[in-house]
Amino acid sequence: MNTLLSESASPQPGSGGNVSPGQALTIRGGRPLTGRVEVKGAKNLATKAMVAALLGGTESVLRDVPDISDVHVVRSLLEVHGVTVEDDGEGVLRLDPSGAVSAHFEEIDAHAGASRIPILFCGPLLHLLGQAFIPDLGGCRIGDRPIDFHLDALRAFGATVEKLPSGIRLSAPAEGLTGADIELPYPSVGATEQVLLTAVRAKGTTELRNAAIEPEIMDLIAVLQKMGAIISYEPNRVIFIEGVDSLRGYDHRCIFDRNEAASWACAALATDGDIFVGGAKQQEMLTFLNVFRKAGGDFDIAEDGIRFRRGGPLKPVVVETDVHPGFMTDWQQPLIVALTQAEGTSIVHETVYENRLGFTRALVQMGADIVVHPEGIASADRRVPRRELEQAAVINGPTPLHGADVVVPDLRGGYSYVIAALTAEGTSTVRNVDIIRRGYEKFLDKLTDVGADFDVVG
Ligand code: EPZ
């Protein structure tokens, strides 16, 4: 029986809910996870759409917003800038930017939390107030997470960027920002969002080449178009934005969270379970579903979601992470847990971040056979152009996992540890689980709904 602090009470913004910092789970593993979970709106869209509300002259309504701490952080940041945010408790936010004002550094820094979203406030604040201050960013420690593409883009729009010890101060020229011709060195999701949120109100046209085209990016484009923006794109990652003089509020339902859906699918694969993920849609998960099937998984597409389970013995796969429409880097950590149970040798080549395989050390502690190659794997038939940062994990299976005492390193790694503990025979302690609340709504309730046996401790 799970002793569970109720997560139904809506948590205070930024508090991470009832799972207080440093909280731990005692998990008794070794049995399949079976049941139904619902995924709400995507963490990596909802937070950006909230920032976009700053650009509107009228109130915006955002629906299917997940109750996660990354949303609470952005809500707090908007409120310190004078935006009023109302939450109906059912996932609908009303955001009114009419009272937007500059905020003081201390307030911004106090609310920025472990998030990377503050960098996306630059464009909207420069248009609104002529200036912006962004504290040094947080976010998962999966690489050094530079923001050079963002700052170069903002300079191209005419902004002055001043690096301070505590963050960056930006200012717009008196005549305002102007459209720019920008080519990204890499199809960065964040930098593409930076350009979109700045170009829509800049004078003239912006051409963005080598842009990210993830479904969450396309959903942000839909939000901006609803506000009055004029945005078009070509199949070769080129996006054109015609700046307009004003934008209005939007009413938008967030795209579903592909990363959460893939996480629960991998949980079913790893524990030989059977999980129905309500809200999951096939189109945005095509690449994941191919790999899931190759690994021995089986899935049924329904009108209201996708059923995930094993279709037989797990099989080894070779996967490279990539930008969309490739295999998302956010999917590799939960997949690796399942691959520890596959019969043979798998390779997961991480090509997006330079340190996203460190979490495998704890899986080895639990009995997995995983070797991380820091330079990746030189292979002739690779699809992804080689970058200076690469890592590859070689996973030999199947290896029985046993319980261990582990500390959550980052969001997806943390979810993966919980699934590994549920896959393992015996009892594990997983510490610092509040990080998981950054991206998984009502995580403990959902674990209970799929039959996980755990207690919240500490
Ligand atoms: C977004 O991060 C997501 N986060 C990440 O999800 C996701 O893994 C990532 O996109 C890739 O899909 C949010 O949307 C909040 P990037 P972002 O800019 O925008 C380098 C999760 O688990 N780069 O596409 O920070 C960077 O170092 C999180 O939900 C620069 O070099 O990712 C990385 O190697 C984890 N300079 C690569 O580009 C820059 O200025 C991709 O980063 C920006 C990025």
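# Ligand contacts and buried residues

Q: What makes the approach of R356 to the ligand a polar contact?
A: In this predicted model, a polar side-chain atom of R356 lies 3.3 Å from an oxygen atom of the ligand. A polar contact is a pair of N or O atoms within 3.5 Å (within protein, one must be able to donate a hydrogen and the other to accept it, and residues adjacent in sequence count only if both atoms are side-chain atoms), so the R356 pair qualifies. Taken alone, the ligand exposes 830 Å², of which the protein buries 92% (Shrake-Rupley method, 1.4 Å probe).

Q: Which backbone atoms make polar contacts with the ligand, and how do you know?
A: An oxygen atom of the ligand is 2.8 Å from a polar backbone atom of G190. For V352, a polar backbone atom is 2.6 Å from a ligand oxygen. Both distances fall under the limit, so both pairs count.

Q: Which residues come nearest to the ligand?
A: They are K48, D148, S188, D330 and V352, out of 25 residues around the ligand, where near means a heavy atom within 4 Å. Helices α1 (43–52), α5 (148–156), α6, α10 and α12 (411–423) each supply at least two residues of this shell.

Q: Why is V195 called buried or exposed?
A: V195 is found in helix α6 (residues 189–199), a helix being a DSSP run of H or I with at least four residues and a strand a run of E with at least two, numbered from the N terminus. Its relative accessibility is 0%. Buried means under 20%, exposed over 50% and partly exposed in between (1.4 Å probe, protein chains only), so V195 is buried. Leaving aside neighbours within four places in sequence, V195 is in contact (heavy atoms within 4.5 Å) with A153, F157, I182, T206, L208 and I241.

Q: What makes helix α10 mostly covered?
A: In α10 (residues 329–339), 11 of its 11 residues are buried. Among them are D330, W331 and P334.

Q: How do you know whether S428 is buried or exposed, and what does its side chain reach?
A: S428, in strand β22 (residues 426–431), has 1% relative accessibility and therefore counts as buried. Its side chain reaches the backbone nitrogen of A404 at 3.1 Å. The C-alpha atoms of S428 and A404, 24 residues apart along the chain, are separated by 4.7 Å.

Q: How are residues numbered, and which values enter?
A: Residues are numbered from 1 along each chain as its sequence is written, and side-chain values use heavy atoms, without hydrogens and water. Local features need pLDDT of at least 70 and side-chain atom pairs 80 or more, whereas totals for chains, interfaces and linings use all residues.
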